[in-house]
Every structure is written in C-alpha cells, then in structure tokens.
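Trainee: I'd like a close look at one part of this model, please: the charged side chains and how they pair up. Please take me through them slowly, with enough of the surroundings to place each one.

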Amino acid sequence: LNNSFHVKVQSFLATLYNDRSILENHHCAEVFELVKHPSLNLFHSLTETQRRDVRETIVEMVLSTDMGNHAKIFNNWKRRIGQDHDLHKKKDDQRLALSMAIKMADISNCGRPEHLYLKWGQKLAAEFFLQGDNERNRGDAVSPFMDRFAPSMAKSQIAFMNYIVIPMFESIAEYLPEMHFSVDLCESNKNYWSQNDDSL
C-alpha cells in the first residue's frame, strides 16, 4: 500500500505523519526505535553530536525516496552539479549526493540486466495488483497501473523510465561517468516493453 492509498483511506499512519512521506517517515521511526535497544544500537560508539548528525543524514536520505519529493530533489541536484562537481566540502552537498545515491538505489531495478529487471518487475506488479485488489474490495477506484484485469506494465514502465529513471540516471552518470552502464540497461529494458506490450 503506497502513500497515496494511506492518504486516501486516512489510515493511522497517514494521520500520524500528517499525510507527508508516510511510509518513509514510518520506516525511519521504526529503525530509530529499534536501535534504542542495546543489542541493536549501531550508534553506541558515537558522540551525541555525531549521533545527531548521522540521524539527520539518514532521515534526509530516506525521506528523499518519496517520489512525491522527486522533482524538488532532482532539480536541486541538477542545479548544484551545473555549478561544479565538488560535492565533498559542504554538508548540504554531501547529503544531496547521498540522497541521490539512495534514490538511484531505490529505483535501480530499471538499470539491471533484463533477466533481473523482469524478475523484480513481476514482484512490483504483484504488489501493485494487491493494492488494486484492496481498492476494488473497498469500492474505490483502482489506482493507475494497479488493476490486474487491465494490465499495463509496458505503458507504466516506459513512462517511468522516460520521465523519471533515465533523466536521473543520465544526470548521475554526468557526475559519475562509470555509472553510464545503468542508462544503457534502462534503454534496453525500455526496448523490451516496446516489443512486449501487455495491454494488448
């Protein structure tokens, strides 16, 4: 169930996090509750100042994976690397680079070899269809791309790659040229869907 679903049904989590980055906030909160336990406290050797800095960085990184924040973060990234590529000196630049790294990892499936991409794509489709089933059973309209009776994986994946993934991967490859292979794999995976339209 994605953030939009939680907002639509006004779930407890939607209320708790005021409809903002619901799942991302929840995941951060759960992790930091867990590390309060002595056997799980990864930060026990840090000073209080270091612990605060690590927590702020992790929270910023995880919240950046909310696709509702994508345009703002990506535009900040493009503006920043348009100035220069030295992102090592300022904390804000470091956190922006880390946020872009986790964003890339979050949607990295599109940049994997086809056999892996399709395997994980099936899992994504199954997750989408479960939400669509939930919406249908509630009597709600089924969200786009989540209706198992009207499959549209090809359409959704091509649009996602064209408008989100490829522009972001190209921009990261401008900063880290060694990452350009991910752009090539995205183009190859997009081509797969051009030849295998599941909505026909």
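Mentor: Happy to; I'll set the scene briefly, go through the charged pairs one by one, and finish with what lies around them.

Keep in mind as we go that this is a predicted model. The chain has nine helices and zero strands, so every element you pass from the N terminus on is an α. The C-alpha atoms fill a box of roughly 60 × 45 × 30 Å along the principal axes. Of the 200 residues, 34% count as buried. The chain exposes about 12,200 Å², and carbon and sulfur atoms supply 57% of that area.

Now to the charges. The chain carries 23 positive and 27 negative side chains, and the centres of these two sets lie 4 Å apart. The structure holds 15 salt bridges. Let's start with the one between Arg80 and Asp93, where the closest N and O atoms are 2.9 Å apart. This pair links distant parts of the chain: Arg80 sits in helix α5 (residues 70-83) and Asp93 in helix α6 (residues 91-106), 13 residues apart. Are these two partners buried or exposed? Both Arg80 and Asp93 are buried.

Set beside that the salt bridge of Lys89 with Asp86, whose closest N and O atoms are 3.2 Å apart. Here the surroundings read another way. Lys89 counts as exposed because its relative accessible area is 70%, and the cut-off for exposed is over 50%. Asp86, at 30% relative accessible area, is partly exposed.

A third pair brings a loop into the picture. Asp147 and Arg136 meet through their side chains in a salt bridge, 2.5 Å from N to O. This pair also links distant parts of the chain, with Asp147 in the loop between α7 (114-138) and α8 (153-175), Arg136 in helix α7, and their places 11 residues apart in the sequence. Asp147 has 23% relative accessibility and therefore counts as partly exposed; Arg136, at 29%, is partly exposed too. That loop between α7 and α8 also holds Phe145, which has a positive phi of about 70° although it is not a glycine. Why does that deserve a pause? Because most residues other than glycine have a negative phi. Phe145 itself is partly exposed, with a relative accessible area of 37%.

Back in helix α6, there is more than a simple pair to see. Asp53, Glu56, Lys91 and Arg95 are linked in a network of salt bridges. Follow Arg95, which is found in helix α6. At 9% relative accessibility, Arg95 counts as buried, because buried means under 20%. Leaving out residues up to four places away in sequence, Arg95 touches Asp53, Glu56, Thr57 and Glu60. Two of those, Asp53 and Glu56, are members of the salt-bridge network as well.

Arg138 is another arginine worth finding, this time in helix α7. With a relative accessible area of 46%, Arg138 is partly exposed. Not counting residues up to four places away in sequence, Arg138 touches Phe5 and Val9. Arg138 and Val9 are 129 residues apart in sequence, yet their C-alpha atoms are 9.7 Å apart in space. Contacts across long stretches of sequence come up in the chain's totals too: among contacts between residues at least 6 apart, 59% join residues at least 24 apart.

Finally, what do the helices that carry these charges share with the nonpolar side of the model? In soluble globular proteins, nonpolar side chains tend to be buried together. The largest nonpolar core here has 27 residues, of which Trp77, Met100, Met161, Val165, Met168, Phe169 and Cys186 touch the most other members. The elements giving two or more residues to this core are α5, α6, α7, α8 and α9 (180-195), and α8 gives the most, with 11 residues. So you can trace α5 and α6 both in this core and in the salt bridge of Arg80 with Asp93. For a way into the core, try Cys186: beyond its neighbours within four places in sequence, Cys186 is in contact with Cys110, Gly111, Met161, Val165, Ile166 and Phe169.

How values were computed. Residues numbered from 1 in each chain as written. Predicted model: local features only at pLDDT ≥ 70, side-chain atom pairs only at ≥ 80, totals over all residues. Heavy atoms only, no water. Helix = DSSP H or I, 4+ residues; strand = E, 2+ residues; numbered from the N terminus. Buried < 20%, exposed > 50% of the residue type's maximum accessible area, 1.4 Å probe, protein only. Contact = heavy atoms within 4.5 Å. Areas by Shrake-Rupley, 256 points an atom, 1.4 Å probe, with all protein chains shown as cover. Lys, Arg positive; Asp, Glu negative; His and termini not counted. Charge placed at Lys NZ, Arg CZ, Asp CG, Glu CD. Salt bridge = Lys/Arg side-chain N within 4 Å of Asp/Glu carboxyl O. Core = buried A, V, L, I, M, F, W, Y, C linked by side-chain atoms within 4.5 Å.
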